[in-house]
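Trainee: I have a new structure to look at, and I would like to learn how to read it. Could you walk me through some of its features?

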Amino acid sequence: MDNVLSARALMGISLGFHIIYATIGIGLPFMLMIAEWLSLRSGDELYHRLARSWIRPAGVLFAIGAVSGTILSFELGLLWPRFMAFSGPLIGLPFSMEGFAFFTEAIFLALYIYGEQRLSRRMLFFCTIILTIASAASAVFVISANAWMNTPTGFRLVNGALADVNPLNALANPAWAHEAVHGTLAAYVATGFAMAGVYAAALLRGRASDYNKRALTLALTVASVSLPLMLVSGDWAAYFVANHEKPKLAAMEAHFTTTRGAPLVIGGWPDPASGKVLYGIEVPKLLSVLAHRDPESLVEGLDAFTPGSTPDPRLVHPFFDLMVGSFSIMLVAALWFWWLRWRRREVPMDKWPLRALLFASPLGVIALESGWLVTEFGRQPWIARGHMRVAQGVTAQTGIGLMLFTFLLVYLALTAGLLRLLVWPATAGKGMQSTQEDRHVDP
Amino acid sequence: MWTLENLAAGTVLLGLVMYAVFGGADFGGGIWTALASGPRAREQRDGLFHAIGPVWETNHVWLIFVVVTLFTAFPKGFAALCTVLPAPLVIALIGINFRGAAFAFRHFGRQTGQHIPFMAGIFAVSSILTPFTFGMAMTATATGRIVFVNDSVQAGPWFWIGPFTLVGGLVGMAICAYLAPIYMTVRTAGELRKDYRLRGIIAGLVLGILTTVAIPVAMVDAPLFAGRLIASRATLFVVLAVIFGITTEILLLRCRFLLAQIAAAGTVTFTLTGFAAAMYPDLLIGQLSLAAAAAPPATLRAFFAVLVIGIIILAPSLLLLYRTFRGEPNPELPG
């Protein structure tokens, strides 16, 4: 692999890995807050116990999120020093803000996790509120940096050098608002479905306790409230992209040729050689409606732009469909569950609706990762769209392949350790407590 | 003097000092879990693990603060550092990841009783590795071997391994190993406290010897840095570090633990400030000045606005954290 490809692979793997932990780090505090609020309001200890039972995964996942995020902050310089020298004065500001939000998150998570014996219940609830705000804020700030790469603003270039730098304009760049709303809500959907799946599995195994039922209801409520908002913010995002990032829209929809009354292509494999989508399903005029709210409007295809300045639809279109498809399955699974829940006035114990939730459980994270890949692949070949190409931002240092290999091993080790810790005890059940002291005899 | 870039450099130094004084103590805790000895080895280790638990992630964020401040305020310097120092930085990152994960796995695995000794081993090794490589990376900027040719930064692939950077790595480790036991003396009693006190005194001597050795080594291996260290206002900080170091040892001998804790933090603060003062006015000694590396004034002004708001939120939160978890190291017991 050449340096650019290795650097892209490493950055992509690092982000893809970190995003999972960051997502849960945003969604879980919100669940904790609701559970603690329900417990305080109703005096029902069950909700408090529920929240405390999430501490173990929360603690481990947050720790891995923190350290893998540190790798990322260094990788910005290790892999893309020329990009950072150019953009640091502009995107440094949201990163600084994210830094403070992250500080707040770390402090209040520690207070919540370790403070059970030293803080009042009201104070614990207060910690979860701050935690929820801080984690959402850190997502919103860090997404501003990503949005800037798509729609760079807040500067002028004079002979290749930055001039008239305005970091606030860079922070509030045009793509920020919809990316931040869509991305942060996605974290609630992803966490909600991931957790609903855990409790659906418990119910399927016949553990029909009140505890599992309430936990499932809570997790799925958070996810279900966010789902329609995802649809609205997704439409907003697509409308923005259609008007401000036209090559990305063309790649997303595998739209090769500029046409009036453009159809929406669902599925299929884009074939750039023939300029056609193989095996796709066409819905007439829908792309024109979505892009410009007019069935006869003109939608630019990939052919409307200079060759070599557009993304590869084979990397963008499938992930876009994966995102939308995952969303649809989650929506169906949630509707099925709520319909039965409403009809029977209690959590349905039927196998198939629970199995549907179990199946949909990883789809929130998959949708979020796909959506992120759409944004990233759809920006290519630019690192800062219109100003710097990815190949111009990469480090002059050689040996990035070795760095890629090293970090790959780190991520594999972390994942293996995590799976061992989180998955095994759950299936092995309890009863190990009595031996824990004996096991802890260090040499 | 009070230019924007100097203030920004002061912010980087503040972040480094906070990372060393708080995060460094957590790494030191890891080092001493490996070196725990005597009849109360297990109590020493448990105390350190308990004390680190609630605070290490917060303390770790100071590193992210330093990195973000560097790339916001000194983008050119950050780019240069990352271009020439990938090896030590990657090793430090591996250490950070394994340290954090091992701690979390050990702590939360404890509740199910799995894999504790193995995780404790990884925790100890990575707690040693990280401060060592960070110490090397930091002192590498003082060697003068990072040069700019036609505006592009260059250095030999192994330039960061040399007598001065090796001493720098050892000083990094010693700083961490020095703080942890001294902080623990405030939070323990009886024989255990005596154990930590002895370890603090020994680490203090080691730190003193290493920083003393660093000066003649620098004269040979990093002459420009050594010259500035001895013949500028940096000397003042060196003297202060020595005074605080000696005071800490005396306070420990006299069992004045709370004051010893403050004096030890002071020793580390002045040691780092002395280093920074000898680097001044450069980010990469002799090659890249702070002014040349700095971001445009508009960025620096916006950054300071964020910094002020951030500190207003951060300061009371940090105070609450450290107040809640002071005293008895085990958070499950009343403080």
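Trainee: Let me start with a single residue: where is A:Pro381 found?

Mentor: Good place to begin, and please keep in mind that this is a predicted model. A:Pro381 sits in the loop between helix 13 (363-377) and strand 9 (382-384) of chain A. The bond to look at there is the cis peptide bond that joins A:Gln380 and A:Pro381, with omega about 0 degrees.

Trainee: And which residues does the cis peptide bond with omega about 5 degrees join?

Mentor: That cis peptide bond joins B:Tyr280 and B:Pro281. You will find B:Pro281 in the loop between helix 11 (257-279) and strand 3 (282-284) of chain B.

Trainee: What about phi? Which value does B:Asn150 have?

Mentor: Phi of B:Asn150 is near 50 degrees, which is a positive value in a residue other than glycine. B:Asn150 belongs to the loop between strand 1 (147-149) and strand 2 (152-154) of chain B. You can also look for a positive phi just after a helix: A:Gly43 follows helix 1 of chain A, and its phi is near 70 degrees.

Trainee: Let's stay with that helix. How many residues does helix 1 of chain A have, and how far does it reach?

Mentor: Helix 1 of chain A has 40 residues, and from its first C-alpha to its last it reaches 58 Å. That is close to the 58 Å expected at 1.5 Å a residue. Follow the axis with your eye, though, and look for the bend of about 25 degrees at A:Ile19.

Trainee: How do I describe two helices that pack together?

Mentor: Here is the general idea: two packed helices are described by the angle between their axes and the distance between the axes. Now take helix 1 (residues 3-42) and helix 5 (residues 121-150) of chain A, whose axes come within 8 Å and cross at roughly 155 degrees. Helix 1 of chain A and helix 5 of chain A are therefore roughly antiparallel to each other. Their crossing is left-handed.

Trainee: Which residues of helix 1 of chain A make the contact?

Mentor: Among them are A:Gly25, A:Ile26, A:Pro29, A:Phe30 and A:Met33. Helix 5 of chain A contributes residues including A:Leu124, A:Phe125, A:Thr128 and A:Ile129. As for the spacing, an α-helix has 3.6 residues a turn, so residues three or four places apart point the same way. By class, this contact of helix 1 of chain A with helix 5 of chain A has 13 nonpolar, four polar and two charged residues.

Trainee: May I try another pair? At what angle do the axes of helix 7 and helix 8 of chain A cross?

Mentor: Helix 7 (residues 176-204) and helix 8 (residues 210-244) of chain A have axes that come within 7 Å and cross at roughly 150 degrees. That angle makes helix 7 of chain A roughly antiparallel to helix 8 of chain A. Helix 7 of chain A passes helix 8 of chain A in a left-handed crossing. Their contact divides into 24 nonpolar, seven polar and one charged residues.

Trainee: Now for the two chains together. How many residues does the contact take from each chain?

Mentor: Chain B gives 64 residues and chain A gives 61 residues. On the side of chain B that touches chain A, the largest share, 14 residues, comes from helix 5 of chain B. That side divides into 41 nonpolar, 17 polar and six charged residues.

Trainee: At what angle do helix 3 of chain A and helix 3 of chain B pack?

Mentor: They pack at about 15 degrees, with their axes 10 Å apart. That makes helix 3 of chain A roughly parallel to helix 3 of chain B. The crossing of these two helices is left-handed. Residues that meet here include A:Ala63, A:Ala66 and A:Thr70 in helix 3 of chain A, and B:His60, B:Ile64 and B:Val67 in helix 3 of chain B.

How values were computed
Residues numbered from 1 in each chain as written. Chains lettered and ligands numbered in written order. Predicted model: local features only at pLDDT ≥ 70, side-chain atom pairs only at ≥ 80, totals over all residues. Contact = placed C-beta atoms within 7 Å. Helix = DSSP H or I, 4+ residues; strand = E, 2+ residues; numbered from the N terminus. Nonpolar A, V, L, I, M, F, W, Y, C, P; charged D, E, K, R; others polar. Axes fitted to C-alpha atoms, helices over the stretch in contact; angles between N-to-C directions. Parallel < 35°, antiparallel > 145°, perpendicular 65-115°, else oblique. Left-handed = near helix turned anticlockwise from the far one by under 90°. Expected span 1.5 Å × (residues − 1). Bend = angle between axes of the 7 residues up to and from the residue.
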